[in-house]
Every structure is written in structure tokens, then in C-alpha cells.
Amino acid sequence: MKIRPKKSLGQHFLRDLSIARRIVDSLVPHQGFQTVLEIGPGMGVLTQYLLQNDAYETHVIEIDRDSVPYLKQHYPALAPRVIEGDFLRWNLSRLTEAKVAIIGNLPYNISSQIFFRIIDQRDQVPEIVCMLQKEVARRLASPPGNKEYGILSVYLQAFYDIEYLFSVPPGAFDPPPKVQSGVIRLLRNETMQLACDEQLFFRVIKTGFNQRRKTLRNALKPLGVELDSPYLDQRAEQLSVADFVALTQLVQEAME
Ligand SMILES: C[S@@+](CC[C@H](N)C(=O)[O-])C[C@H]1O[C@@H](n2cnc3c(N)ncnc32)[C@H](O)[C@@H]1O
């Protein structure tokens, strides 16, 4: 018996097995993790290939109550490692204190929230491979100076190197989504420590992009600080992560 797809849970089941294998093969096991957590396994199309790899132990977290018994029945070896729960309310430390790689064909309606949760737990997450709406995937991997570059691109690129891997057409799913999909890989950039206050960094980025067509001189007015910097003549979408770090340091000094 198959699971009837629920729109509210963003369920579009991948039915193209060659794509499923390609997604799982995109994980780079030498990243120093022995545990993989799959978000939203559904009927296990990715899980079946994850279970074939002995380099790591696979766990899954699934919110759908119909999916949990399905997975336990079809993959008995996985049964003790099926978590019934909401990833957005769940801490990785409940699973292990060690590193955990994350994989998933994400529910597109909550993909940004999933990334914010991962950023909060980033020191435990060396690698993420996921499929999401193509437009969002492109945006996250976009370099500065591009219209696609936005708030979440800068937040994530501060901590991860992001690579757009390949696109997946709607016909590969049941039911087909209305949009194209894209697969990305994020590798934790250990060398880059955030050399500024993190909360302020997030605030500067958010404020700058809130009025992304304006120069930062105008867009950052809500911060209420007097600044003098060439960055102010640019727009938020033109600044790299390193530029935002430097700008945040200037804002911090001006606030002191
Ligand atoms: C796009 S489907 C992918 C299903 C399966 N991995 C596949 O590729 O066919 C997204 C999956 O995420 C699950 N899901 C939705 N919200 C979730 C949440 N907050 N936590 C965990 N799983 C969730 C859905 O029930 C669904 O199975």
C-alpha cells in the first residue's frame, strides 16, 4: 500500500530511482560524519540507497504518521532509527553529540525554516545535500552581484560553501510539483569564523536587504547609526559575506 500524498506536508514523492541514487551519491562521506539524518523520508526512495552505505548510520525524521509505520514495515533494519517528529522542533543533540550530515527531498513550503534550524545547529552539521524548489536552490548558491542573491544566501554562505548540483523536472515526482526542482550540496566552511557579533550580522543583512533597491546608506537608516564607508554606496546584493562581516564590525563600533 502506498501513501496518499498530502499537500499540507509538501508531499511530492520522487519516483525516478536514478535521480534518487544520484542525490544519495552526492553525499561526501569523508566529511567526518558517521551519522546521516534524512528529513522527510516519505516512502523511503532515498532511504533505501542510504541504507546500502556502511560508511554511516542512517536515521530518518518524518512528521507524517502514515509514513512511519510504512517505513518500519518496508525497512525493518531501519525501524529503531525512525523518528516520528517535526524537524523544526527537534534538536540534533537528541540523536548524538557527534557530527550529523543532513539529506532530504525537502518539503518546499518550509525549506527556509529548515535552513534556519540548521544554521542554529551548524557546528554539528558538516554537510547537507537536499532537493528543493529550483529557484530557491539557485538563490542559495548564488554569488553576490546577482538578483537571486538574498538574505538566506548570505546567512548560509557565511557558514557553508554551496554548490548547485543538478535540476530535476516535475515529471520525476508523483504528484508532479508546479515548479522545477534543484539539488544542492552545502559543505561547512570551517575556516571561516564569523569575526563579528552574530546577532548584529543577521540584523545588518536583514535591514540591508529589506530595501534591496536602495543603497546601503539609505537601507541601513533604521539601524540609527552614523557610518562612513564605501560600502554605503553599494546595494546589499553587491556585498559578499566578508563585506557584510566588515560592515557589521563598523556598525558595531559606531554603536559603542
Ligand atoms: C517532498 S516530500 C519527499 C518524500 C521522499 N523523501 C521522496 O523523495 O519521495 C517531503 C517529505 O517531508 C515530510 N515532512 C514535511 N514536513 C516535515 C517536518 N516538519 N519534519 C519532518 N518531515 C516533514 C513529508 O511528510 C514528506 O514525506
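Which residues does Cys-130 touch, not counting residues up to four places away in sequence? I looked this up first and found Ile-103, Gly-104, Leu-106 and Ile-184, where contact is taken as C-beta atoms, placed from the backbone, lying within 7 Å.

**Basis.** I note that this is a predicted model, in which local features need pLDDT of at least 70, side-chain atom pairs count only at pLDDT 80 or more, and totals for chains, interfaces and linings use all residues. Residues are numbered from 1 along each chain as its sequence is written.

**Core.** I then turned to the largest nonpolar core, a set of buried Ala, Val, Leu, Ile, Met, Phe, Trp, Tyr and Cys residues joined through C-beta atoms within 7 Å, with buried meaning 20 or more other C-beta atoms within 10 Å of a residue's own, exposed 12 or fewer, and partly exposed in between. It holds 61 residues, of which Ile-23, Ile-102, Ile-103, Cys-130 and Phe-244 touch the most other members. Strand E6 (residues 127-133) gives the most to this core, with 5 residues; strands (E, at least two residues) and helices (H or I, at least four) are DSSP runs numbered from the N terminus. I recorded that at least three residues of the core come from each of domain 1 (7-188) and domain 2 (198-255).

**Domains.** The bounds of these two domains come from an automatic or database assignment, and I found their C-alpha centres 32 Å apart. To the contact, domain 1 gives 10 residues and domain 2 gives 10 residues. On the side of domain 1 that touches domain 2, I listed 6 nonpolar residues, 3 polar and 1 charged, counting Ala, Val, Leu, Ile, Met, Phe, Trp, Tyr, Cys and Pro as nonpolar, Asp, Glu, Lys and Arg as charged, and the others, Gly among them, as polar.

**Ligand shell.** I looked next at the ligand, which 23 residues surround, the closest being Gly-40, Gly-42, Asp-64, Asn-105 and Pro-107; a residue is included if its C-beta atom, placed from the backbone, lies within 6 Å. Strand E1 (13-14) and strand E3 (57-62) are the elements that give two or more residues to this shell. By class, I have 13 nonpolar, 7 polar and 3 charged residues around the ligand.

**Arg-65.** Buried or exposed, I asked of Arg-65? Arg-65 sits in the loop between E3 and helix H3 (67-74), and it is exposed because 9 other C-beta atoms lie within 10 Å. Arg-65 and Glu-84 are 19 residues apart in sequence, with their C-alpha atoms 7.2 Å apart in space.

Definitions and conventions: Two residues are in contact if their C-beta atoms, placed from the backbone, lie within 7 Å.
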